[in-house]
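Q: Please examine the structure shown below and explain how its features are recognised.

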Amino acid sequence: VKGKDWFETFLTPEIGRTIKPLFQKAVNDIHTSGNVNPIITKDGRTIFVEWFDKTLKDKEGRTVGLLAIGQDISERKQAETERKKLRAQLTQAQKAESLGRMAGAIAHIFNNQLGAVIGYLELAIEDLPRGSKPITMLTNAMQGALKAAQVSGLMLTYLGQTSGSSVPMDLSEFCRQSMPSLRAGNSQSIILNVNLPSPGPTVKANANQIQQMLINLVTNAREAVGENQGTVTLTVKTVPQTDISDEHRYPTDWQAENAAYACLEVTDTGGGIANDAIDKIFDPFFSTKFTGRGLGLPVVFGIVRAHDGVITVASEDQGTTFRVFLPLFAGEIP
């Protein structure tokens with residue numbers, strides 16, 4: 001330590017720039033006790049140290065030195081990080097439980113009322129002469145009521161409460177068969193690339209829900225690119241559970257139970273997602289696009305959760321990647 005520049009040897013450049021003014025204040029008898037900063041150790045590790053400073057003076061009251069006592073609080077910092085992570089998981093679980101109760105109540109009341117509306121509309125249409133103008137207006141009203149009923153169904157999907165049978169499927173082959181519908185909404189400025197190995201990983205899943213998830217992810221990626229020239233890439237692969245990132249992983253309380261997982265990855269070259277918005281994108285009706293949207297990704301989240309899977313998000317200034325991980329199925333495909 002002796003003879004070395006503290007700010008260059010033991011601190012990163014960014015931390016050094018932050019600490020230097022505090023050090024100068026301490027020398028000028030303006031103490032900053034309790035300051036915490038990372039220190040680079042002899043073997044290259046980073047530890048967190050809390051400092052308590054005292055200015056040393058001679059008999060004439062002139063500053064001749066600085067006594068700085070540092071305490072390694074790395075374990076405490078790690079414990080705080082774990083507590084924050086657990087609090088975030090608890091908050092997510094409480095939010096899901098609360099939304100579950102709300103969605104159940106809405107679905108019950110909403111569907112009962114809409115059932116009455118649709119029933120009376122049908123009776124009114126039957127009693128009117130065919131071709132009369134009110135039939136067109138009543139038909140439009142019925143279509144609106146049916147679309148409104150779909151919203152409660154989407155909310156239940158978000159909560160993973162939808163029913164349906166699961167069958168073994170080759171995830172690559174399923175995506176390959178879905179390509180016509182995926183390409184149908186593609187603009188000329190966007191290139192849809194695919195990387196679908198054959199055979200692909202086998203999962204046991206609900207085909208309708210996987211198709212809905214796939215369409216929502218590709219549509220979301222396409223909208224992220226917008227009117228610009230860009231690409232959307234769909235990839236299917238098998239990954240070890242150690243490669244599943246802990247960062248921006250949902251549900252936050254998900255724990256890997258298998259050695260490997262099937263991965264469905266959708267990447268776009270759009271403008272990315274702001275870091276403070278990533279934790280909100282799976283909330284119902286949250287949207288960074290425009291009013292009236294906000295159920296596409298929550299539905300994806302619900303489908304992933306219903307299949308005991310997990311979804312991760314990685315976003316930069318140029319592009320976003322959604323990775324869905326589903327448990328592998330060891331049996332044969334009929």
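A: Strand β7 (residues 230-240) and β9 pair in the antiparallel sense, over nine bridges. This is a predicted model, in which local features need pLDDT of at least 70 and side-chain atom pairs count only at pLDDT 80 or more, while totals for chains, interfaces and linings use all residues. Residues are numbered from 1 along each chain as its sequence is written, and side-chain values use heavy atoms, with hydrogens and water left out.

Q: What makes β7 and β9 a pair of strands?
A: Two strands pair if DSSP finds at least two bridges between them, and strands themselves are DSSP runs of E with at least two residues, just as helices are runs of H or I with at least four, numbered from the N terminus. β7 and β9 have nine bridges, so the pairing criterion is met. Within this pairing, Val236 stands opposite Leu264 in β9.

Q: Why are β5 and β8 said to stand at the edges of the sheet?
A: The open sheet has six strands in the order β5-β7-β9-β11-β10-β8, with mixed pairing. β5 (190-195) and β8 (249-250) each have a single partner strand, so one side of each lacks a neighbour in the sheet.

Q: How do you know that β1 and β2 are paired, and what do they form?
A: Strand β1 (residues 35-40) and strand β2 (residues 46-57) run antiparallel and are joined by six bridges. They form a hairpin with five residues between them, and Gly44 in the turn has a positive phi of about 90°. Val36 stands opposite Glu50 in β2.

Q: Which residues touch the most other members of the largest nonpolar core?
A: A nonpolar core is a set of buried Ala, Val, Leu, Ile, Met, Phe, Trp, Tyr and Cys residues joined through side-chain atoms within 4.5 Å. The largest such core has 39 residues, of which Met213, Leu217, Leu234, Leu264 and Phe282 touch the most other members. Helix α7 (residues 207-225) supplies the largest share, seven residues. Beyond its neighbours within four places in sequence, Leu217 is in contact (heavy atoms within 4.5 Å) with Leu264, Val266, Leu297, Val300, Phe322 and Val324.

Q: Why is the pair of Phe282 and Phe322 called edge-to-face?
A: Rings of Phe, Tyr and Trp (its six-membered ring) pair if their centres lie within 6.5 Å; planes under 30 degrees apart count as stacked, over 60 as edge-to-face and the rest as tilted. The centres of Phe282 and Phe322 are 6.4 Å apart and their planes stand at 85°, so this pair is edge-to-face. Because Phe282 lies in the loop between β9 and α8 and Phe322 in strand β11 (residues 319-327), the pair ties together parts 40 residues apart in sequence. Both residues, Phe282 and Phe322, are buried, where buried means under 20% relative accessible area, exposed over 50% and partly exposed in between (1.4 Å probe, protein chains only).

Q: What makes the pair of Phe282 and Phe301 tilted?
A: The angle between the planes is 35°, with 5.7 Å centre to centre, so the pair falls in neither the stacked nor the edge-to-face class.

Q: How do you know that Cys175 is in no disulfide?
A: A disulfide requires a pair of cysteine sulfur atoms within 2.5 Å. For Cys175 the nearest cysteine sulfur, that of Cys263, is 11 Å away, so the criterion is not met. The structure holds zero disulfides. Cys175 has a relative accessible area of 0% and is therefore buried.
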